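Okay, everyone, let's get started. I'll put the structure up, and then we'll walk through it together.

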Amino acid sequence: MEREIIKILSVVEFHPLILAFHLGLMLAGVSLLSYSLFLILVKKVDIMLPLVISFMAYLTSLILLILILLLETYRFLIFDGRILVKNSLLTRNEFKFSLRDKNLIIGFYDKASLGKFAIIYGDRLLFKFLTQQKNIRLIKNFVVKSGYRLGGTYKICRVCGSINEENAEYCDFCGSREVSPYDLYWID
């Protein structure tokens with residue numbers, strides 16, 4: 001039986017559309033609540049129906065937010081010689097990588113309050129995670145002890161996942177300006 005070394009719960013970077021969708025539901029709930037209060041106070045309408053509708057809008061918004069967070073939350077495990085990434089909600093959704101695989105590149109960005117790390121296989125970005133700084137340090141220390149070395153600082157595109165030069169202002173492949181710097185580590 002292999003020994004578990006690091007186990008971390010990480011949230012994938014959120015896309016603005018997901019947050020805008022949830023914000024829209026919350027605004028609909030606030031609008032319904034305001035309209036309900038108007039009906040209750042000004043028009044002297046029965047209190048139950050407007051309050052039930054407002055409560056249902058808030059409840060729907062809360063349930064969708066919890067589902068979105070669970071769909072975007074992964075368990076990141078490092079075992080002896082393997083990395084396992086599992087979705088918290090979808091149990092069949094898991095990915096395994098060998099730490100000795102030369103196609104595996106791990107990127108870190110630890111200059112913000114929440115650290116980011118990315119898993120790249122070959123030329124394809126598979127995962128980008130947000131997690132606490134202490135978790136980033138744990139993973140980085142383990143990766144370096146496993147034989148990985150710093151290959152340099154590169155920018156990774158949020159849209160297509162391609163790796164660009166450090167001084168790139170936009171992605172060379174898709175033209176997006178949403179590029180983030182990462183320190184990339186790989187094994188020789």
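Have a look at F108: in β10, its bridge partner is D183. That pairing belongs to a contact between two strands, β5 and β10, which run antiparallel and share four bridges. And please keep in mind that this is a predicted model.

β5 has another neighbor too. Six bridges join β5 to β6, again antiparallel. If you want one pair to look for, take I105, whose bridge partner in β6 is I120. The two strands, β5 and β6, make a hairpin, with four residues sitting between them.

So is β5 mostly covered or open? It's mostly covered: five of its six residues are buried.

Staying on β10 for a second, that strand spans residues 179-186, and S180 is in it. Is S180 buried or exposed? With a relative accessible area of 10%, S180 is buried, because the cut-off for that is under 20%. As for what S180 touches, leaving aside residues up to four places away in sequence, we get K116, Y154, K155, I156 and R158.

Now, the nonpolar cores. As a bit of background, in soluble globular proteins nonpolar side chains tend to be buried together. Here, the largest core has 23 residues, and F76, I83, V85, F108, I119, F129 and I139 have the most contacts inside it. Who supplies it? At least two residues each come from β1 (4-12), β2 (73-79), β3 (82-87), β5 (104-109), β6 (114-121), β7 (124-132) and α3 (133-145). Which of these gives the most? That's α3, with four residues. There's also a second, separate core of seven residues, and A118, I120, L125 and I156 are among them. You've met I120 already, as the β6 partner of I105.

On to the cysteines. How many disulfides does a search of the whole structure find? Zero. Why don't C157 and C174 count? The closest cysteine sulfur to that of C157 is the one in C174, at 3.6 Å, and that's too far for a bond, because the cut-off is within 2.5 Å. C157 is buried, at 0% relative accessibility, while C174 is partly exposed, at 38%.

Next, charges. In general, side chains of opposite charge can pair when their charged atoms come close. The count here comes to seven salt bridges. E94 shows up in two that I'd like to point out: its side chain meets that of K86, at 3.9 Å from N to O, and it meets K96, also with 3.9 Å from N to O. E94 is partly exposed, at 34% relative accessibility, and K96 is exposed, at 54%.

Then there's D110, which forms a salt bridge with K111, the closest N and O atoms being 3.9 Å apart. D110 is partly exposed, with a relative accessible area of 24%, whereas K111 is exposed, at 59%. These two belong to a network of salt bridges that links D110, K111, K140 and D183. And yes, that's the D183 we started with, the bridge partner of F108.

Last stop, the record. An unreviewed UniProt entry places the feature "transmembrane region" at residues 20-41 and 47-71. What does the model have over residues 20-41? The chain there is 100% helix and 0% strand, and the C-alpha atoms at the ends are 31 Å apart.

That's my tour, so over to you.

Methods. Residues numbered from 1 in each chain as written. Predicted model: local features only at pLDDT ≥ 70, side-chain atom pairs only at ≥ 80, totals over all residues. Heavy atoms only, no water. UniProt positions renumbered as here; feature names shortened; annotations may be inferred. Core = buried A, V, L, I, M, F, W, Y, C linked by side-chain atoms within 4.5 Å. Buried < 20%, exposed > 50% of the residue type's maximum accessible area, 1.4 Å probe, protein only. Contact = heavy atoms within 4.5 Å. Pairing = 2+ DSSP bridges. Salt bridge = Lys/Arg side-chain N within 4 Å of Asp/Glu carboxyl O.
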